[in-house]
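Hi everyone, thanks for coming. Please have a look at the structure on the screen, and I'll walk you through two parts of it.

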Amino acid sequence: MKRVVITGMGIWSCLGKSLDEVRDSLYTGRSGIVLDPVRKEMGFRSGLTARVEIPELKGVLSRSQRAYMPEQAKYAYCATVEALHNAGIDQEYLDSHDVGLMYGNDSTVDPAVRAVDTIRAKKDTTLCGSGAIFQSMNSTVTMNLGTIFHLRGINLTVSGACASGAHAIGLGALLIQTGLQDMIVCGGAQEVNPFSVGSFDGISAFSTREDEPEKASRPFDRDRDGLVPGGGAATVIIEEYEHAVKRGAPIIAEILSYGFSANGEHISTPNVDGPSKSLRMAIERAGINIDEIGYINAHATSTHVGDTNEAKAIYNVFGDRRIEVTSTKSQTGHEMWMAGASEIVYSMLMMKNDFIAANINFENPDEDSAKLLIPNKRVDKHFDTFLSNSFGFGGTNATLIVRNI
Amino acid sequence: MEKNDLIAKVNSVLAEEFEVEESIITPDANIKKTLELDSLSLVDMVALIENEFGVKIQTADLAKVQTFEALYDYLAERV
């Protein structure tokens with residue numbers, strides 16, 4: 001099997017619009033969560049959300065290119081521009097190589113709602129405009145990025161609920177390991193508009209700690225009361241090792257393994273066995289000693305049962321080893337389809353800058369989180385290998401292990 | 001709406017939406033060429049005109065509305 005390395009990263013999130021900004025936010029423990037009054041006017045149970053700025057691409061992309069892009073495709077475009085730049089890839093390279101594209105995305109509600117509203121009001125489908133169809137498809141991110149950057153390798157959207165981004169990277173790594181692709185642009189994107197999470201709010205999954213938005217997302221804390229929705233996009237350029245060496249690429253890390261599993265049980269309530277299996281598979285496939293793992297980026301979203309069962313799964317696998325476990329969702333909220341990719345970027349930024357971001361708002365442990373080493377203050381330490389979990393509705397699980405280079 | 005006002009508004013909204021200089025919009029110029037419309041962005045022009053003027057250019061009429069002059073006349077008869 002061929003080795004898979006990361007040669008570039010890019011990010012557009014509530015913690016910043018570049019790697020540098022996001023690194024600083026992680027370092028200082030800044031929360032990206034706000035209260036959105038528009039959601040309250042719309043009848044939301046919780047108006048909490050991450051605040052993510054929609055990029056202005058007028059003057060950057062043509063009018064027709066922009067017409068087909070919903071907000072998450074714009075986030076993904078910006079993250080990908082940054083990642084390609086950092087990987088030393090220009091348009092000439094993309095035009096002369098078969099570069100793939102695999103991105104996690106599992107909804108695109110806003111354009112679909114607008115199109116349906118138009119059809120209902122006007123009783124005329126033409127008036128939806130030309131962009132509606134391309135914005136409304138789940139594959140909108142990969143169809144947009146593929147045409148903008150002229151990518152001619154695999155072009156595929158991965159929809160695996162809140163593990164979409166992690167599955168996209170993991171599946172991309174498999175294609176490179178087996179020699180089918182030399183380079184793939186991978187990532188995850190998540191829309192942030194209210195329509196996209198209205199029905200999610202409706203099942204009482206969100207925190208209602210509206211008087212303290214920055215304290216609302218509190219993974220593993222005893223007093224957590226639900227997740228806070230977030231979004232944006234994150235891109236990693238993954239590449240076959242020899243290929244990267246040959247072109248003199250900045251090799252920054254190696255993807256050691258991808259573990260996966262499904263719970264096969266309840267549609268929303270996670271269990272312990274499924275995640276444990278994904279963790280064990282990743283560790284086994286990585287071919288490393290478990291003690292080499294210096295940091296665990298948990299999926300933990302700040303829901304009661306989710307965090308509890310992940311804590312049990314991590315304890316099942318790691319036992320009493322004192323490895324720092326944190327959830328960056330304490331700062332970002334739950335970035336859902338994007339999370340599996342963004343949390344690789346967040347963890348990479350920590351690994352490259354010798355710190356572990358605080359699991360902010362972790363004030364009191366519960367019975368299960370007490371068994372883990374969860375720092376609520378930043379830890380300044382060097383580590384060379386991390387594990388990142390991503391789990392999703394329907395019981396889909398993904399685990400990635402990445403090593404520093 | 002006076003025809004001159006209508007022409008001014010048509011030119012303004014089309015130039016803004018399709019990101020061209022308003023000065024290149026002349027009565028006898030071809031709409032598709034001037035605004036660089038393909039089959040998809042032509043749909044956007046129809047939607048934009050409907051939204052701004054409340055007039056839907058019927059698909060069967062599109063072939064007749066080739067120039068800006070033809071568009072002004074089409075709208076003037078219906079606004």
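**A strand with two neighbours, and a helical chain**

Let's start with one pair of residues: Gln190(A) has Gly232(A) in strand β7 of chain A as its bridge partner. Before I go on, please keep in mind that this is a predicted model.

So where does that pair sit? Gln190(A) is part of strand β6 of chain A, residues 183–190, which pairs with β7(A) in the antiparallel sense over 8 bridges. Now, Gly232(A) comes up again, because by the bridge criterion used here it is also the bridge partner of Ser13(A). Ser13(A) takes us to strand β1 of chain A, residues 4–13, and β1(A) also pairs with β7(A) in the antiparallel sense, over 9 bridges. Another place to spot this pairing is Met9(A), which stands opposite Val236(A) in β7(A).

Is β7(A) buried or exposed? Strand β7(A) covers residues 232–240, and 9 of those 9 residues are buried, so the strand is largely enclosed by the rest of the structure. By buried I mean that a residue has 20 or more other C-beta atoms within 10 Å of its own.

Here is a handy idea for looking at strands: in a regular strand, side chains alternate between the two faces of the sheet. With that in mind, look at each side of β7(A). On one side we find Gly232(A), Ala234(A), Val236(A), Ile238(A) and Glu240(A), and on the other Ala233(A), Thr235(A), Ile237(A) and Glu239(A); all of these are buried, and both faces are covered.

What about β1(A)? This strand is mostly covered too, with 10 of its 10 residues buried. Which other strand does β1(A) pair with? That would be strand β8 of chain A, residues 253–262, in the antiparallel sense and over 3 bridges. To find the place on the screen, look for Val5(A), whose bridge partner in β8(A) is Glu254(A).

Now let's move to chain B. How many helices and strands does chain B have? The count is 5 helices and 0 strands, and along the sequence the pattern reads α-α-α-α-α. The radius of gyration of chain B is 11 Å, close to the 12 Å that the globule rule gives for 79 residues, so chain B is as compact as a globular protein of that length. Along its principal axes, the C-alpha trace of chain B spans about 30 × 25 × 20 Å. Of the 79 residues in chain B, 23% are buried.

That's my tour, thank you for listening!

Definitions and conventions: Residues numbered from 1 in each chain as written. Chains lettered and ligands numbered in written order. Predicted model: local features only at pLDDT ≥ 70, side-chain atom pairs only at ≥ 80, totals over all residues. Buried ≥ 20, exposed ≤ 12 C-beta atoms within 10 Å, placed from the backbone. Helix = DSSP H or I, 4+ residues; strand = E, 2+ residues; numbered from the N terminus. Rg over C-alpha atoms; globule rule 2.2 N^0.38 Å.
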